[in-house]
Amino acid sequence: MKRSVRFGTVCLLSAAAAVPGSFQSAARADVVSPTAIEHVTIVSQPGVVIESGTILIERGRIADAGTDVDVPAHARIIDGTGLIAYPGFIDAHTHMGIPATARTPEERQRMEDVNPDPAEGPLAATRFANRRGIRPHDRAFELYAPKKEQLEAHRAGGFTAAVVAPRSGILGGTSALVSLSDRPVRRCIL
């Protein structure tokens, strides 16, 4: 089975994850530079596919990609056999695919208690009603259900991945990095 790799940061992290023990060093800001991912299938634009190409990454950015890449002798080499790299933007924060349903009064009463009257003065302790924006239990990967139109609109803009976040709250829960493909949701969570 082939895994997909995106140009940019995700490209580096995904490719480095393919090499045992290399993910930790690839995820840090002080990435070994330069790094060459060799023997990777590169889709540089729709309809243009480079088989067994090389992607050269210098200072955290893609410096060159293709079949005739001049790889420095001191470069770190990663074998990208079986990987597919294609260009795409990553939407760093979106609510796409997360339902916009508001809590019912009954749900708010059950989860938050009664909202105190501010005229009563300061409280000795924080009541649950004052925790309306705190919902750490919400998880984007459990809520994510994108519509086909949403996915098509994002992909038409050049996006191939997105960080999807729950809609509500100051502490609204856990985000998820998802691939904007038509595959089942369980396969889109990166």
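**Exercise 1.** In this predicted model, find out which residue of β8 Thr94 stands opposite, and how β7 and β8 run.

*Solution.* Start at Thr94 and look across to β8: the residue there is Val164. Next, place the two residues. β7 covers 89-94, and β8 covers 159-164. Now check the link between these strands: β7 and β8 run parallel, and four bridges join them.

**Exercise 2.** Work out the order of the strands in the open sheet and say which ones are the edge strands.

*Solution.* Three strands make up this sheet, and their order is β7-β8-β9. The pairing is mixed. To spot the edges, look for strands that pair on one side only: those are β7 and β9. As for the twist, it averages 25 degrees from one strand to the next.

**Exercise 3.** Is Ile170 buried or exposed, and which nonpolar patch does Ile170 belong to?

*Solution.* First, locate the residue: Ile170 sits in the loop that links β8 to β9 (176-179). Then take its relative accessible area, 76%. The cut-off for exposed is over 50%, so Ile170 counts as exposed. Finally, look for its partners: Ile170 forms a nonpolar surface patch with Ile134 and Leu171, and together they have about 330 Å² of accessible area.

**Exercise 4.** Step back to the whole chain: how many helices and strands are there, and what percentage of the residues count as buried?

*Solution.* Count the elements: six helices and nine strands. Then turn to burial: 31% of the 190 residues count as buried. On the outside, the chain exposes about 11,800 Å², with 54% of that supplied by carbon and sulfur atoms.

How values were computed. Residues numbered from 1 in each chain as written. Predicted model: local features only at pLDDT ≥ 70, side-chain atom pairs only at ≥ 80, totals over all residues. Heavy atoms only, no water. Patch = residues over 30% accessible without salt bridge, like charges linked within 9 Å, V, L, I, M, F, W, Y side chains within 5 Å. Areas by Shrake-Rupley, 256 points an atom, 1.4 Å probe, with all protein chains shown as cover. Salt bridge = Lys/Arg side-chain N within 4 Å of Asp/Glu carboxyl O. Helix = DSSP H or I, 4+ residues; strand = E, 2+ residues; numbered from the N terminus. Buried < 20%, exposed > 50% of the residue type's maximum accessible area, 1.4 Å probe, protein only. Pairing = 2+ DSSP bridges. Axes fitted to C-alpha atoms, helices over the stretch in contact; angles between N-to-C directions.
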